Each structure stands twice: as structure tokens, then as C-alpha cells.
Amino acid sequence: MLLASLLDSLLIKQVSGDTDKVITGITVDSRKVKPGNLFICLKGFQADGHRFACDAISNGATALIVETEIKDVPSSITLVKVPDTRRAMAVLSDFYYEQPSKQLRLIGVTGTNGKTTTTHLIHNILNCSGRKTGLIGTIHMICGDYCEKTVNTTPEAIDLQRYLHKMVDDGAQYAVLEVSSHALAMGRVRGVDFNTAVFTNLSHDHLDYHQSMTEYARSKEKLFSQLGNAYGSDSKYAVLNVDCETSTLLAEATTAQVIRYGILNEADVRGRYIRLHPEGTDFVVETFKGTFQLHLNIPGMFNVYNALASISACIAENIPLEQIKEGLESFKGVSGRFQPVLAGQDFNVIVDYAHNPDGLENALKTAREFTSGRLLCVIGCEGDRDHLKRPIMARIASRYSDIAIFTSDNTRSEDPELIIKQMVDGVESGLTNRYVTIVDRKDAIRYALEQATKANDCVIIAGKGHETHQIVKNVAISFNDIEVAEELIRHKLVKTR
Ligand SMILES: CC(=O)N[C@H]1[C@@H](OP(=O)(O)OP(=O)(O)OC[C@H]2O[C@@H](n3ccc(=O)[nH]c3=O)[C@H](O)[C@@H]2O)O[C@H](CO)[C@@H](O)[C@@H]1O[C@H](C)C(=O)N[C@@H](C)C(=O)N[C@H](CCC(=O)O)C(=O)O
Ligand SMILES: Nc1ncnc2c1ncn2[C@@H]1O[C@H](COP(=O)(O)OP(=O)(O)OP(=O)(O)O)[C@@H](O)[C@H]1O
């Protein structure tokens, strides 16, 4: 694309140098620059991208977007100064990739918990009903047979627009996206034209980044206030959880039509007569379009909410109820979300991605529903992330399980022992016999599995779900809870036979 026409999309800029040149791609990472690329200098959390301008030029960048002055730039390099490079990145990427969100029906899902599950449910319903749909989220970006691992829940604008463009190229009609609060606060989805925005819930998390729950809620609000603003166009829907009080704020923030779902309160889409069992859930779905009986293959009350959210989003998209039911009933779950480990043992082992207080409490309460024996919980708290949730999560783990094993989880630059100590501080005084501390995660899992002796015992390994690494001293080490548990169970079985 010609640089001059790309720059037309930016309202405020100061340009020096030639704009009559072809841009071969846009990037924010000097290490990924290819000849002819436009390099955008972003101020990050650890580094300032302006510092890498020279590296970008050495790797072949022919134009730079900057926010602050940089010196010694060769005259052959076009320099474009803007007030905010992050905003410019979103606008340029949207334009460079031919505004793909305008060519797809886009459903965005936000909330503290349930984004990955709900997006996968919606994705399954739409694809099963013959509507080609792409997905972008914490685990991966998928479109048809194509799958790419993702780094962030919601990618930076450049990657996000590239993924959407690929979906358009592949003939997708829909895209379903996880929209994190970080992404909303940083403008990663600026200019993205959502048709439907879904809210799951809001509870304590990410307070290292958002500072307060009010600020956290305000960033979620952006998705709903943005609805209908970008490109205007036809009807937009806000799908809100009526049992979560933040929904009131979101309903006030949006001009879109609201569809409310829930269990406890009156709603447009409501779950009734719920029967929970270890392998799943049965319930009746009452909607303004009709009522149907549903069997879900994923357990837990929280998954009833996720299903209701996905039903509401699909109703907003005019999908017939029979097709919604079919898509939900054929859904087998998401990797690392309340995933049973089946390695020949007679007790239950579950790997779950619960990594905040509400998620952990839900996971433990769900496990308790079908555990008449001992419930053991392996749990750690991440380093360099929200310190405040550490004692709360330990309190929940020791309250709802018979033995909580406090261990490490992506400790990053922090001392694992110190994180565990901060967790222990949260255990209620009467429950100090309910926990042990084992720093090494594999040893912690081994201990939990050794404690499970009866068929009605259950081990829940929480926090890392599908992840395939542990970040220790800022270095990623290969580690997967499911594989580790399987290996240890087989070893235990060999020993006991
Ligand atoms: C805190 C945060 O959001 N960090 C994100 C950020 O990294 P950063 O700011 O540290 O980047 P940096 O290392 O300071 O670099 C600054 C700039 O210099 C560039 N650079 C850097 C080095 C170099 O040699 N050359 C170069 O050009 C970088 O590409 C970047 O543009 O930019 C990276 C690239 O886009 C992101 O992958 C990274 O997300 C990290 C992995 C992260 O953990 N983010 C979390 C907080 C996050 O965003 N989470 C939410 C989900 C939360 C949830 O719901 O659970 C998400 O959407 O993922
Ligand atoms: N609706 C819900 N309400 C509360 N907890 C939930 C809900 N759905 C899932 N959980 C819990 O949260 C964990 C993570 O679920 P999921 O991956 O779907 O959420 P997420 O919002 O995508 O999380 P992240 O953005 O961190 O990836 C699950 O393993 C489960 O323990």
C-alpha cells in the first residue's frame, strides 16, 4: 500500500520525507521488521519502542511513526509524528487491512471470567449451523482449519486486524473475540466494528493494572459505549448478565438494544430448573423466542451462565433456537477449563484455569457438588500481577477444600516463597490445619495425588489450565498441569500395583 494513502487515515500528523513509497507491512517490533515496513514506536511497560528505531531501520524499515523526537534518522526514512502512537497504530492497522471488521459480523465477549468458554460456545453454535466463524482469544486464533497460538487474550491492534483480514479472506461471515479489560484500556480494539457485545461478570482481578474496581469496570464499559459508534450502521446488541450488578452501568453506557440473561433475576433469556451433575448440566432455557430443554457437557453453574450468554448473543444474531441447542449440546469443553485428567486413576482429577478469587470459588464449589470424599486443591498466585488477590485466593482455597496446597504459578521476577507467604496470610485462623506449602509445582501436584486415596476424592489443579509453560525468574520453562498430572498418576499406579 502507498504510504501517502495509508497516512490519509490519520487526522493529526507531522510528516517529513517522501510519502510516495510502498509500505510492505506494519510492525511495532523491531525484531520482526521486514524490508519496506512501516515501524510504529510504542511506549511499552518495559521498554520504549522509540529506542528501537535504529534497529528497525537496520532491518529495512523505510518509514517510522513516532510520538517523541528521535535523532539521527537518515533522510531516506520518512518520519511521521503523531500525538499518540498507540491510537495511530489502531487506525493505521484497520485501514491497512481494509477495515475487516466492517466485512464480518463481530461478537465481542468481555468480563472477568468466562470469556474463553463463552467465545468457544458461540463459535461452536455458529460453525455447527453452517456459518463460517473465526475466533480470537487467550488460547488461539482459529478460522476453519487454520490455528495460530496467541500471546494476549486480545492481540495488539496490528495482529487483531491481520487476523480479521485473514478471516475475511477465508470467507468467514462471523468472528467472535475475547475482549480483555487491558485491551479496552489500551485501545487495542479501537475502530473495531462490533455487532454484539457480551458481558459475563465482574469480580476482583487485574488490580495491579486497573488500580480500583471502579476503573476496572470503566474499562469494560468502553466496549458497550463503543457499540454503534464505529461506522454507525445497523442494529447492535448488548448482552448483559442481569445477576451481576455491573450490568446496570453497562446498560446505561450503551445505545445498543439490550438482551438480559440470568438465573436469579427476571431476564430475556433465563436458565431454570437447573440440575448439576459431575459431567454436565441439564436445564430449561426460557427466551422471548421460545423455551427449550438443554443438556450441556460442561459442568458447573458458571457454565450455565456462559451458555446463557452465548444463547443470547446468537439470538441477537437471529440464529434459530434449534441450531443454538444443537451447537451447545455438541460442545465438548475448552482445553484446561474444568478438564478431567483421565490416566487410569479411580479418583477425580481436574485441571482448571481458575486464577482469580471468583473463578477459584466457582471451581471448588462445583467440584464439591460431586465430591463426597476429600477435595484437594493445588493453587498458586502469579508473580508481578495483582498482589491483593493472593490472600483472598488462599482463604478461598482453604475454606472450600479439605487440603489446599499452596505452590508456584508463573512467579516471573518474584520470589516464590514470598508469594506463598502472602497467600498464607489470608488463611482464616481456624483453618490453619487445612493447608500445606510446597514451592515446586510438580511436587505440589505429586503431594495432592498421593493424598487422594479413595474413589470419591478429587484433586483440583487450579490456575494454569491449558498453559504449556511456567515463567520462573522471567524465563519460560516447559510445564503443563495436564501432562504432569498424567505422568504422576501413571507413576503412582505403577508403584501401587
Ligand atoms: C503489560 C502488557 O500488556 N504488556 C504487553 C506489551 O508488552 P510491553 O509493553 O512490556 O512491551 P515492551 O517490551 O515494553 O516493548 C515496548 C515496545 O518496544 C518494542 N520492542 C521491544 C524490544 C525490541 O527489541 N524491539 C522492539 O521493537 C515492542 O514490540 C513494543 O512495541 O506489549 C506486548 C506486545 O504487544 C504484549 O504482548 C504484552 O502483553 C503481555 C504479554 C501481558 O502479559 N499482558 C497482559 C497484562 C495482558 O494484556 N493481558 C490481557 C488479558 C488479561 C486477562 O483477561 O486475563 C490480554 O489481553 O492479554
Ligand atoms: N461465568 C463464569 N463465572 C465465574 N467463573 C467462571 C465462569 N466461566 C469460567 N469460570 C472460571 O474461570 C476459569 C477461566 O474460564 P475462561 O477461560 O472461560 O475465562 P476467561 O475470562 O477467558 O479467563 P482469561 O481471560 O483469564 O483467559 C474457568 O476455568 C472457571 O474456573
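## Close-up views of a predicted model

**View 1. The buried residues of helix H8.** In this predicted model, the residues of H8 that count as buried are Tyr216, Lys220, Glu221, Lys222, Leu223, Phe224 and Gln226. The cover over these buried residues includes three helices and three strands, namely helix H6 (181-186), helix H7 (207-210) and helix H9 (246-253) together with strand S6 (105-110), strand S11 (196-199) and strand S12 (237-241).

**View 2. The length and bend of helix H8.** Helix H8 comprises 14 residues (residues 213-226) and, because a rise of 1.5 Å a residue is expected, should span 20 Å, in agreement with the 20 Å that separates its end C-alpha atoms. A bend of about 25° is found in H8 at Lys220, a residue that is also listed among the buried ones of this helix.

**View 3. The open sheet of eleven strands.** The eleven strands follow the order S9-S8-S7-S10-S6-S11-S12-S13-S14-S15-S16 in an open sheet whose pairing is mixed. At its edges lie strand S9 (146-149) and strand S16 (290-296), each of which pairs on one side only, and from one strand to the next the twist averages 15°.

**View 4. Strands S7 and S10 with helix H4.** Four bridges join strand S7 (residues 133-136) to strand S10 (residues 174-178) in the parallel sense, and within this pairing Gly134 has Ala175 of S10 as its bridge partner. Helix H4 (residues 115-128) packs on the sheet, where it touches S6, S7, S10 and S11, and its direction makes about 170° with that of S10.

**View 5. The annotated span of residues 23-96.** An unreviewed UniProt entry places the feature "domain: Mur ligase N-terminal catalytic" at residues 23-96. In the model this span is 24% helix and 20% strand, and its end C-alpha atoms lie 10 Å apart.

Notes:
Residues are numbered from 1 along each chain as its sequence is written. Chains are lettered from A and ligands numbered from 1 in the order in which they are written. This is a predicted model: local features need pLDDT of at least 70, side-chain atom pairs count only at pLDDT 80 or more; totals for chains, interfaces and linings use all residues. Helices (H or I, at least four residues) and strands (E, at least two) are DSSP runs, numbered from the N terminus. The expected span of a helix is 1.5 Å times one less than its number of residues. The bend at a residue is the angle between axes fitted to the seven residues ending there and the seven starting there. A residue is buried if 20 or more other C-beta atoms lie within 10 Å of its own, exposed if 12 or fewer, and partly exposed in between; C-beta atoms are placed from the backbone. Two residues are in contact if their C-beta atoms, placed from the backbone, lie within 7 Å. UniProt positions are given in the numbering used here, feature names are shortened, and annotations may be inferred rather than shown by experiment. Two strands pair if DSSP finds at least two bridges between them. Axes are lines fitted to C-alpha atoms, for helices over the stretch in contact, and angles run from 0 to 180 degrees between N-to-C directions.
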